[in-house]
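Here's a quick briefing to read with the structure open beside you. Have a look at the model first, then work through the notes below.

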Amino acid sequence: MSRGSFNWSLDTYIQIDIDDVFVGQTGTRLVTEDIFALIESQNFLRKYIKGFNYTLGFSGHFFRRGDKVENEADEVLVAQSHNFLWFPHMWHHNHPQEYELTYLAALMTQNKLFAEFTSTEEYPHLRPAWDRRAFIHNNITVLPRQTCGLFTHTHFFHAYPDGIENLKKNIFEEKLLYKN
């Protein structure tokens with residue numbers, strides 16, 4: 001339709017991050033049925049999206065920190081880990097800007113011992129927080145969750161501070177959009 005003016009790919013890539021799989025208050029964490037439902041829904045989506053994987057974020061310190069049912073689910077999730085892509089946070093879900101480099105390295109080493117993955121922290125820099133924006137990496141737009149207020153304790157859109165409309169406003173009224 002652009003008569004050659006634009007030469008953009010029409011490929012669309014989807015990544016779904018399920019963040020902090022071991023973090024959460026008892027009674028709100030994954031249970032075994034959830035894990036098998038994730039695998040089932042992932043397999044369903046793979047029928048339509050080539051190479052689709054859920055990406056799970058974790059902080060190793062919180063492994064087996066729920067109730068009996070949730071701890072069993074943690075074990076099942078690790079046993080089923082080959083079904084997912086993984087990315088670690090700090091060991092104890094620490095904020096990296098609060099610590100010295102040597103301590104941060106020690107925290108990341110703990111997660112490395114827990115699972116062999118790599119990760120980065122924050123987007124695209126730590127300071128100043130008010131200047132964080134979404135950015136594009138390998139054609140994926142990444143939303144700075146700390147800036148927009150999406151945290152582990154926000155389980156439902158209706159529970160987002162000041163409602164889902166406030167989240168949409170933050171995203172679509174260019175408060176968080178990528179800037180060159």
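In this predicted model, strand 2 (54–58) is largely enclosed by the rest of the structure, because five of its five residues are buried. Both of its faces are covered: Tyr54, Leu56 and Phe58 are buried on one side, and Thr55 and Gly57 are buried on the other. That split is easy to follow if you remember that side chains in a regular strand alternate between the two faces of the sheet.

**The chain as a whole**
- The protein chain has five helices and five strands.
- Going along the sequence, you'll read the pattern β-α-β-α-β-α-β-β-α-α.
- Of the 180 residues in the protein chain, 31% are buried.
- Take the contacts between residues at least 6 apart in sequence: 64% of them join residues at least 24 apart.

**The sheet around strand 2**
- What order do the strands take in the open sheet of three? The order is 1-2-3, and the pairing is parallel.
- Strand 1 and strand 3 (85–88) sit at the edges with a single partner strand each, so each has one side without a neighbour in the sheet.
- From one strand to the next, the twist averages 30 degrees.
- As a reminder, strands of a sheet pair through backbone hydrogen bonds, in either a parallel or an antiparallel sense.
- Strand 1 and strand 2 do so in the parallel sense, over three bridges.
- Two of the bridge partners in strand 2 can be picked out by name: Tyr54 partners Ile16, and Thr55 partners Asp17.
- Both of those strand 2 partners, Tyr54 and Thr55, are buried, on opposite sides of the strand.

**Helix 1 against helix 2**
- The axes of helix 1 (32–46) and helix 2 (68–79) come within 8 Å and cross at roughly 30 degrees.
- Angles under 35 degrees count as roughly parallel, and helix 1 and helix 2 are therefore roughly parallel to each other.
- Which residues make the contact? Helix 1 brings Thr32, Ile35 and Phe36, while helix 2 brings Glu72, Ala73, Val76 and Leu77.
- Sorted by type, the residues of this contact come out as five nonpolar, one polar and one charged.

**Aromatic pairs and the cluster**
- The structure holds seven aromatic pairs.
- One of them is Phe22 with Phe63, an edge-to-face pair with 5.3 Å centre to centre and 80 degrees between the planes.
- This pair links distant parts of the chain, with its members 41 residues apart: Phe22 is in the loop between strand 1 (16–18) and helix 1, and Phe63 is in the loop between strand 2 and helix 2.
- Are the two rings' residues buried or exposed? Phe22 counts as buried because its relative accessibility is 0%, and Phe63 is buried too, with a relative accessible area of 19%.
- The cut-off for buried is under 20%, which is why Phe63 still makes it at 19%.
- Another pair is Tyr99 with Tyr103, which is tilted: 4.9 Å centre to centre and 45 degrees between the planes.
- Tyr99 and Tyr103 are both partly exposed, with relative accessible areas of 31% for Tyr99 and 40% for Tyr103.
- Phe22 and Phe63 also belong to one aromatic cluster along with Phe58 and Trp86.
- Phe58 ties this cluster back to strand 2, where it is one of the buried residues.

**Two loop residues to click on**
- Tyr99, from the tilted pair, is found in the loop between strand 3 and helix 3 (101–114).
- Setting aside neighbours within four places in sequence, Tyr99 is in contact with Asn94 and Leu104.
- His61 lies in the loop between strand 2 and helix 2, the loop that also holds Phe63.
- With a relative accessible area of 17%, His61 is buried.
- Again leaving out neighbours within four places in sequence, the contacts of His61 are Trp91 and His92.

Key: Residues numbered from 1 in each chain as written. Predicted model: local features only at pLDDT ≥ 70, side-chain atom pairs only at ≥ 80, totals over all residues. Heavy atoms only, no water. Phe/Tyr/Trp six-rings, centres within 6.5 Å; stacked < 30°, edge-to-face > 60°. Helix = DSSP H or I, 4+ residues; strand = E, 2+ residues; numbered from the N terminus. Buried < 20%, exposed > 50% of the residue type's maximum accessible area, 1.4 Å probe, protein only. Pairing = 2+ DSSP bridges. Axes fitted to C-alpha atoms, helices over the stretch in contact; angles between N-to-C directions. Parallel < 35°, antiparallel > 145°, perpendicular 65-115°, else oblique. Contact = heavy atoms within 4.5 Å. Nonpolar A, V, L, I, M, F, W, Y, C, P; charged D, E, K, R; others polar.
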